[in-house]
Amino acid sequence: MPVIFAREAPKLWRKVCAETSTEISLLAGTWKYFLAGLVIQYLHGLAAHGVHYLHRPGPTLQDAGFFFLPELGQDRTYLSETLFTVIFFSFVLWTFHPFVFQYKKIYTVLIWCRVFAYLGVSQMLRIITFYSTLLPGPNYHCREGSKLARLPPPESALEVLLINFPRGVMYGCGDLIFSSHMIFTLVFVRTYQKYGTKRCIKQIAWLVAVIQSLLILASRKHYTVDIVVAWYTVNLVVFFIDQKLPELPDRSLGSTSQQLLPISSRDKDSKNREELDKFRNGNSANITT
């Protein structure tokens, strides 16, 4: 065993170094998209923290999911968070598999640029939605009588800007429609569905997404409408973004020259005119396809 490790370790190190060099070069050209994605993540957290100041606890609304699913209770609310943690870190590890495995289909930097695009648009829609109508939170710490259901007025702007992380994330109220956990879950599942290679894992991923939805409802962290809206909104966002952005390079096919972003219609028209002129001049053999 030590002999095998000693023989394979240098190969693995060279592979990691080569992949790191490739990814850094890609990051140099896409860092603006990465930065924009991280900024949107912060703004989403800031908005979710801000709506907590506006939250007013009240009676839990009638809900079909609550009627059909038994309540897990406060001592079992960790189940949905545990499953979400597994989903999150499993996806993150998958996106970094090109650093280790020989067979690779994606570039880590490019796949995260696409994921940030999915998340950013979905979260902007979510912010607009939960600020449009404030509902009384069904979660235990958001109900009447809980000290966490309402936040006192902030003493300084810094208190708001720091969003009380991570407590403010775990015990937020008011940011209901639609579920942030389901945004991340569905974005990760849709991304693996398109760029993953294992069919069985794709099927398991969709099953896990359904289980996650049911656990969120059983934990009374969201109303059913929050889950339903997340399912069709995120899928539509992914669909339309994929229509606007070009396909990512498929490394398994040796494709490395595709663009990250689509060219503008003006650039397309200019390219088409150039090709038409070449054709008219008898240079059709030089036309690019």
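Tutor: Before we start, a helix here is a DSSP run (H or I) of at least four residues, and helices are numbered from the N terminus. Keep in mind that this model is predicted.

Student: Got it. Which helix is Val 187 found in?

Tutor: Helix numbers count up from the N terminus, and the run that holds this residue spans 180-195. Val 187 is therefore part of helix H7.

Student: Is Val 187 buried or exposed?

Tutor: The cut-off for buried is under 20% relative accessible area. Val 187 comes out at 0%, so this residue counts as buried.

Student: What does Val 187 touch, once its neighbours within four places in sequence are left aside?

Tutor: Start with the backbone: the C-alpha atoms of Val 187 and Val 237 are 9.4 Å apart, although 50 residues separate them along the chain. As for contacts beyond the sequence neighbours, Val 187 has Val 115, Tyr 118, Leu 119 and Val 234.

Student: Which helix gives the most to the largest nonpolar core?

Tutor: That core has 42 residues, and Trp 94, Ile 111, Val 115, Val 187 and Phe 188 are those with the most contacts inside it. At least two residues each come from H3 (78-95), H4 (108-132), H7 (180-195), H8 (199-218) and H9 (224-244). The top contributor, with nine residues, is H7.

Student: Why would nonpolar residues gather like that?

Tutor: There's a general tendency in soluble globular proteins: nonpolar side chains end up buried together. In this model, Val 187 is one of the core residues with the most contacts, and its relative accessibility is 0%.

Student: How many charges pair up here, I mean, how many salt bridges does the structure hold?

Tutor: One joins the side chains of Asp 242 and Arg 114, at 3.3 Å from N to O. Asp 242 sits in helix H9 and Arg 114 in helix H4, 128 residues apart. Another joins Arg 126 in helix H4 to Asp 175, at 3.2 Å. The count for the structure is six.

Student: Are Arg 114 and Asp 242 buried or exposed?

Tutor: Again, buried means under 20%. Arg 114 is at 2% and Asp 242 is at 14%. Because both values fall under that cut-off, Arg 114 and Asp 242 are buried.

Student: Which residues do salt bridges with shared partners join into one network?

Tutor: Look at the salt bridge between Lys 194 and Glu 247, at 3.2 Å from N to O. Lys 194 is in helix H7, while Glu 247 is 53 residues away in the loop between H9 and helix H10 (265-280). Lys 194, at 29%, counts as partly exposed, and so does Glu 247 at 43%. Through shared partners, the network takes in Arg 114, Lys 194, Asp 242 and Glu 247.

Student: How many residues line the second largest pocket?

Tutor: The pocket holds about 490 Å³ of space, and H3, H7 and H8 each supply at least two residues of its lining. By class there are 15 nonpolar, four polar and two charged residues. Those nearest the centre are Ser 90, Phe 91, Trp 94, Tyr 192 and Ile 201, and the lining has 21 residues.

Conventions:
Residues numbered from 1 in each chain as written. Predicted model: local features only at pLDDT ≥ 70, side-chain atom pairs only at ≥ 80, totals over all residues. Heavy atoms only, no water. Core = buried A, V, L, I, M, F, W, Y, C linked by side-chain atoms within 4.5 Å. Buried < 20%, exposed > 50% of the residue type's maximum accessible area, 1.4 Å probe, protein only. Contact = heavy atoms within 4.5 Å. Salt bridge = Lys/Arg side-chain N within 4 Å of Asp/Glu carboxyl O. 1 Å grid on protein atoms, 1.4 Å probe; cavity = no way out; pocket = protein on both sides within 12 Å on 5 of 7 lines; lining within 4 Å. Points joined across faces, edges and corners; volume = space filled by probe spheres on them. Nonpolar A, V, L, I, M, F, W, Y, C, P; charged D, E, K, R; others polar.
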